[in-house]
Every structure is written in C-alpha cells, then in structure tokens.
Amino acid sequence: MEWHIRRKGEFYYKKAKELGYRSRSAFKLLEIQEKFRIIKNGNKVLDLGAAPGGWSQIASGLVGDAGRIVGVDIQPVPATGKNFKFVLADITKESAIKKISVVCNIFDVVLSDTAPTVSGFKDMDVGISEVLAFRSLELAQALLKEKGNFICKIFQGKRFTEFVGQVEKVFLKVVVFKPSASDKASKEVYVVALSKST
Ligand SMILES: C[S@@+](CC[C@H](N)C(=O)[O-])C[C@H]1O[C@@H](n2cnc3c(N)ncnc32)[C@H](O)[C@@H]1O
C-alpha cells in the first residue's frame with residue numbers, strides 16, 4: 001500500500017474515533033449528503049450493508065425522531081438510536097425484501113454501501129460488488145416511493161456502464177461520485193440516483 005493512501009486511511013480512522021463514528025465510511029456519506037442533500041428530516045431510509053453502522057449513525061441524526069432507519073446486513077449492527085431497526089438478511093436472497101417489508105415497506109431513500117470482504121483477487125471482488133449493486137437496485141425499485149433517491153456503491157468493472165444504464169432507466173438524474181474520503185486507488189465509486197420515475 002502506498003504511503004499517502006495509508007496516511008489518508010489513518011487520518012479518517014482517527015477522525016472517526018474522535019467523533020464517535022463507527023466507521024470511516026461515515027465521512028463518505030457526509031460528503032455525498034453535503035453535495036446532494038438527499039436525506040431529509042422525517043425520511044424513511046433503508047441502509048443496505050449497514051455494518052458496523054457508520055452510515056446508519058449519520059442517517060439517524062439527519063432524519064431525526066420523526067424519521068426511521070432500517071439497517072440490513074449479514075453481520076449484526078448495534079442500535080444507533082430510537083429511530084433505528086436492524087434486519088439480519090443477505091440481500092442476494094429472495095427472502096430479503098419480505099424480511100425488510102415486515103419492518104417498513106416504503107422508503108424515501110435507499111442507501112447501499114454493500115461490499116464483499118476484499119479477497120485481493122480483484123476480478124472476483126469487482127464481480128461480487130457488481131452483483132450486490134444490481135441487487136440493491138432491485139431492492140430500490142421494489143421499496144422506494146416515487147421520487148425517492150438511491151445511493152449505491154459499486155467497484156468499477158466490466159458491468160459498470162451497464163449498471164449506470166439500468167439506474168438511468170429508473171431515475172431522472174444520475175451522477176457518479178467519488179468522495180475524497182474514498183481511497184483513490186480503490187475502484188469504488190458511488191452512483192447517486194435522484195427522483196425515481198417508475
Ligand atoms: C463497507 S461495509 C459497510 C460500511 C457501513 N456503510 C458503515 O458505514 O459502517 C460493507 C458491508 O456490506 C455487507 N454485505 C456484504 N454482502 C452482503 C449481503 N449479501 N447482504 C447484506 N450485506 C452484505 C458486509 O457485511 C459489510 O458490513
């Protein structure tokens with residue numbers, strides 16, 4: 001790992017500890033929020049790939065007491081506040097939508113920061129990330145209200161353009177964004193999709 005990437009990682013790690021955030025990823029959502037103002041007070045937010053809970057923490061503060069966060073992961077996430085509920089589910093399984101719907105069946109915002117445990121085999125990691133992103137889009141189609149918004153991480157690979165094309169069929173405006181808190185060397189980017197149209 002190059003020194004500047006390690007230093008950047010350490011910087012965000014320390015900053016997350018200082019501020020009591022559960023992950024460095026929290027800074028990525030804060031940057032996306034500052035630029036696109038997606039999460040609003042009172043919103044219902046579905047957070048896919050929520051563990052260890054950094055994004056849920058940020059979203060929980062933004063939606064306030066009138067809002068609701070449903071965090072989903074294959075690993076447990078400790079509660080982040082009264083407005084948070086956790087659903088233990090693998091989003092690639094058919095049963096995921098049913099399990100989520102028991103808690104809430106319509107959302108204003110769907111977030112997906114899902115990622116494979118990085119194996120080091122780049123093509124494999126990218127392939128899994130693509131599967132998770134396409135599946136997150138399916139969940140967003142099923143559970144987002146009209147005009148709802150979607151943010152989805154994907155590792156850029158062979159199916160990236162196809163993925164953006166699919167997102168563009170469902171949302172009015174789509175922007176590909178790389179937060180500065182994201183390692184430059186990493187293939188991850190965030191597809192920010194505004195206003196679901198179908
Ligand atoms: C980068 S972490 C998310 C970090 C989180 N946004 C935060 O701020 O704390 C990626 C998460 O995706 C989850 N994940 C991977 N595959 C999944 C799947 N099939 N279903 C649900 N979650 C999955 C992992 O367990 C991991 O917790």
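A residue counts as buried when its relative accessible area is under 20%. The legends below describe close-up views of a predicted model.

**View 1. The two cysteines, Cys104 and Cys152, in a structure with zero disulfides.** Cys152 has a relative accessibility of 0% and therefore counts as buried, and Cys104, with a relative accessible area of 8%, is buried as well. Cys104 takes part in no disulfide, the nearest cysteine sulfur being that of Cys152, 19 Å away. A disulfide requires a pair of cysteine sulfur atoms within 2.5 Å, so a separation of 19 Å leaves Cys152 without a disulfide to Cys104, whose sulfur is the nearest to its own.

**View 2. The ligand and the residues that surround it.** The space that the ligand takes up is the largest pocket, and 20 residues surround the ligand, with Ser23, Gly54, Asp73, Asp90 and Asp113 being the closest. Sorted by class, this shell is made up of nine nonpolar, seven polar and four charged residues.

**View 3. Polar atoms of Gln75, Ile91 and Ala51 beside the ligand.** On the side-chain side, a polar atom of Gln75 lies 2.9 Å from an oxygen atom of the ligand. The backbone contributes at two residues shown here: a polar backbone atom of Ala51 is 3.1 Å from a ligand oxygen atom, while a backbone N or O atom of Ile91 lies 3.0 Å from a nitrogen atom of the ligand. On its own the ligand has 610 Å² of accessible area, and the protein covers 88% of that area.

Definitions and conventions: Residues are numbered from 1 along each chain as its sequence is written. This is a predicted model: local features need pLDDT of at least 70, side-chain atom pairs count only at pLDDT 80 or more; totals for chains, interfaces and linings use all residues. Side-chain values use heavy atoms; hydrogens and water are left out. A residue is near a molecule or strand if one of its heavy atoms lies within 4 Å of it. A polar contact is a pair of N or O atoms within 3.5 Å; within protein, one must be able to donate a hydrogen and the other to accept it, and residues adjacent in sequence count only if both atoms are side-chain atoms. Accessible areas come from the Shrake-Rupley method with a 1.4 Å probe; for residues, only the protein chains shown count as cover. On a 1 Å grid over the protein atoms alone, a cavity is a set of points where a 1.4 Å probe fits but cannot get out, and a pocket is an open set with protein on both sides within 12 Å along at least five of seven lines; lining residues have an atom within 4 Å of a point. A molecule sits in a cavity or pocket if more than half of its atoms lie within 2 Å of its grid points. Ala, Val, Leu, Ile, Met, Phe, Trp, Tyr, Cys and Pro count as nonpolar, Asp, Glu, Lys and Arg as charged, and the others, Gly among them, as polar. Buried means under 20% relative accessible area, exposed over 50%, partly exposed in between (1.4 Å probe, protein chains only).
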